[in-house]
Amino acid sequence: MNSDESLIIDKIKKGDIGSFNILVERYQKQVFNIAYRFVGNSEDASDLAQEAFLKAYKSIKTFRKDSSFKTWMYHITSNVCKDELRKKKKALVVSLDAPISGNDGQEFERQFKSSVLSPEEKYEVQEKQKFVQKIINSLPEDYRMVLILRELQDLSYQEISDILNCSIGTVKSRLNRGRKQFKEKMIAHMEQKNKNQRQIK
Amino acid sequence: MDCKLCQERLSDYIDNQISEEEKQQIENHIRQCSYCAKELENLKFALESLKELPEIDLPQNFSKELSKKIKNEKKPINSRFLNYKWLSLGASAAVILLMIVFTNLNGISVEDNNLACDTSGQQQQMTMENSDIENQSIRDDNIPEKPEFDKNENTFEIMGGDIEQNVMKAEVQHLTYKNFNADLNVTKTSQALDFLERLNQRFQIKNFNVQVNEEEVIVIFDIPVDVLHDLLEVLTNEYKLENIDNTSESGRQKEKLEEELEFTHIELHIKNKS
């Protein structure tokens with residue numbers, strides 16, 4: 001626990017909302033991104049991320065600083081995301097070959113504004129990113145979260161085990177299985193795509 | 001090292017979570033086995049695509065909305081104080097109620113003594129329960145607003161309850177609609193569930209699920225075959241959705257029985273307004 005955050009947390013416990021905003025500023029983007037990759041759309045992700053911060057704020061007095069604030073915050077985020085999913089109950093069969101609408105490129109436009117890709121290349125990259133996201137959403141929630149924390153948030157095994165409150169062995173095995181499932185779907189998609197392209201030619 | 005073990009260890013190998021000895025074994029195996037070498041290459045390629053995903057910007061009003069929610073929240077230290085205060089108030093209310101109950105029962109004649117005792121026991125329990133509920137609601141007041149999603153949890157439980165038991169024959173129908181209806185907003189899970197719930201009031205919906213991504217909402221459910229036509233009418237005429245594409249996938253029929261009715265498995269795609 002770094003001393004700067006320790007001080008901030010003490011202030012929040014004494015009722016200083018402004019200090020909580022410092023922590024929000026520091027972690028909102030990562031928290032939102034974890035939620036975004038977990039659910040696959042920004043409206044739900046925004047709700048989930050806000051709920052996670054609100055929960056953190058409400059229970060800050062129980063935070064004992066045994067871990068870093070970041071670990072604690074990600075732990076809450078992961079729980080909020082999974083609770084939401086539990087409500088959906090049944091595992092969803094995502095239609096991976098669903099036709100994709102081409103009219104919603106605004107989000108992507110912004111990302112590529114400064115890049116030097118041609119329109120065709122940009123389109124390719126966007127389609128691939130959409131597809132990768134769909135595969136993520138088709139994975140079981142435990143595998144999904146561990147992949148997000150490892151591959152996208154670049155966290156260590158130790159951090160992930162603290163966040164998910166499980167052993168490092170469990171992190172390893174979930175990561176192993178999650179990666180395998182992800183790889184298989186990804187490769188199947190690429191093969192299908194190549195086949196389609198050959199047929200067009 | 002055999003192929004099975006090698007592939008089992010590739011994930012740890014990539015992250016260098018293995019001993020030097022095992023690392024040597026894997027590398028030796030990969031040099032000799034083109035299949036496992038390909039698997040490693042595929043895995044690296046797939047994970048690369050995952051890492052390439054960009055960081056998404058926060059929605060514009062994110063910070064504003066959040067700080068509003070936080071301000072509505074009572075300060076953590078104060079709310080704790082409030083809870084105790086209300087809890088003790090609730091407890092004393094319970095005691096007073098109990099006293100009243102006892103006073104009343106004391107007035108009952110001697111013959112009814114056993115009964116009176118039993119009743120007072122029940123009453124006591126009830127009063128305690130009531131006071132618990134009161135305290136609960138007081139505590140809830142401190143939480144400004146429950147997320148919309150929570151409201152749907154129960155419906156979900158009720159409607160999706162017997163998913164595993166009923167194996168039904170279900171022809172998969174992909175229905176794709178474009179949403180041009182200014183009044184119909186389905187861009188997040190809670191809205192999609194509301195939509196589904198309204199459909200459920202008309203049709204006998206089972207085994208549903210929703211998935212929302214940036215471009216579309218996918219609502220999946222089963223309905224009896226004979227109301228399929230009505231469903232299409234409702235979507236077009238009442239919800240003003242524009243039908244783009246319908247395909248049926250008879251190959252994906254599920255095995256039936258136990259249910260007399262035949263169900264159609266619907267995969268409804270609603271494209272967002274752009």
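These are my notebook entries on a predicted model with chains A and B.

**Ground rules**

I number residues from 1 along each chain as its sequence is written, and chains are lettered from A, with ligands numbered from 1, in the order in which they are written. Since the model is predicted, local features need pLDDT of at least 70 and side-chain atom pairs count only at pLDDT 80 or more, while totals for chains, interfaces and linings use all residues; side-chain values use heavy atoms, with hydrogens and water left out.

**Entry 1: the two chains**

I started with chain A, which has 9 helices and 0 strands. Helices here are DSSP runs of H or I with at least four residues, strands are E runs of at least two, and both are numbered from the N terminus. Along the sequence, chain A reads α-α-α-α-α-α-α-α-α. Of its 201 residues, 51% are buried (buried is under 20% relative accessible area, exposed is over 50%, partly exposed is in between, with a 1.4 Å probe and protein chains only).

I then looked at contacts, meaning heavy atoms within 4.5 Å. In chain A, 64% of the contacts with a separation of 6 or more come from residues 24 or more positions apart. Chain A exposes about 9,300 Å², and carbon and sulfur atoms supply 49% of that (Shrake-Rupley areas, 1.4 Å probe; for residues, only the protein chains shown count as cover).

Chain B has 10 helices and 5 strands. Its 274 residues are 41% buried. For contacts between residues at least 6 apart in chain B, 77% join residues at least 24 apart. I noted about 15,900 Å² exposed for chain B, with 50% of it from carbon and sulfur atoms.

**Entry 2: two helix crossings**

Within chain A, I checked H8 (residues 157-164) against H9 (residues 168-200): their axes come within 9 Å and cross at roughly 100 degrees. Axes are lines fitted to C-alpha atoms, for helices over the stretch in contact, and angles run from 0 to 180 degrees between N-to-C directions. H8(A) and H9(A) are therefore roughly perpendicular (65 to 115 degrees; under 35 is roughly parallel, over 145 roughly antiparallel, the rest oblique). From H8(A), the contact residues include A:Tyr157, A:Ile160 and A:Leu164, and from H9(A) they include A:Ile168, A:Val171 and A:Arg179. The residues of this contact split into 6 nonpolar, 2 polar and 3 charged. The nonpolar class is Ala, Val, Leu, Ile, Met, Phe, Trp, Tyr, Cys and Pro; the charged class is Asp, Glu, Lys and Arg; the others, Gly among them, are polar.

Next I looked across the chains. Helix H6 (residues 119-138) of chain A and helix H3 (residues 34-51) of chain B have axes that come within 9 Å and cross at roughly 105 degrees. H6(A) is therefore roughly perpendicular to H3(B). A:Lys128, A:Val132 and A:Ile136 meet B:Phe45, B:Ser49 and B:Leu50 here. I count this contact as 4 nonpolar, 1 polar and 1 charged.

**Entry 3: strands of chain B**

How many residues of S3(B) are buried? For this strand (residues 216-224) it is 9 of the 9, so S3(B) is largely enclosed by the rest of the structure.

I followed its partners, where two strands pair if DSSP finds at least two bridges between them. Strand S2 (residues 206-212) runs antiparallel to S3(B) with 5 bridges, and a hairpin of 3 residues joins S2(B) to S3(B). S3(B) also runs antiparallel to S5 (residues 263-271), with 9 bridges. B:Ile220 of S3(B) is the bridge partner of B:Asn209, and B:Ile220 also has B:Glu267 as its bridge partner in S5(B). I also found B:Phe221 opposite B:Ile266 in S5(B).

S5(B) has 9 of its 9 residues buried, so S5(B) too is largely enclosed. In a regular strand, side chains alternate between the two faces of the sheet. In S5(B), B:Phe263, B:His265, B:Glu267, B:His269 and B:Lys271 point one way, B:Thr264, B:Ile266, B:Leu268 and B:Ile270 point the other, and all are buried.

**Entry 4: single residues in chain B**

B:Thr247 sits in strand S4 (residues 241-249). At 36% relative accessibility, B:Thr247 is partly exposed. Leaving out residues up to four places away in sequence, B:Thr247 touches B:Val172, B:Gln173 and B:His174. The C-alpha atoms of B:Thr247 and B:Thr176 are 8.7 Å apart, with their positions 71 residues apart along the chain.

B:Lys240 lies in the loop between helix H10 (228-238) and S4. Its phi is near 55 degrees, a positive value in a residue other than glycine. I noted B:Lys240 as exposed at 52% relative accessibility.
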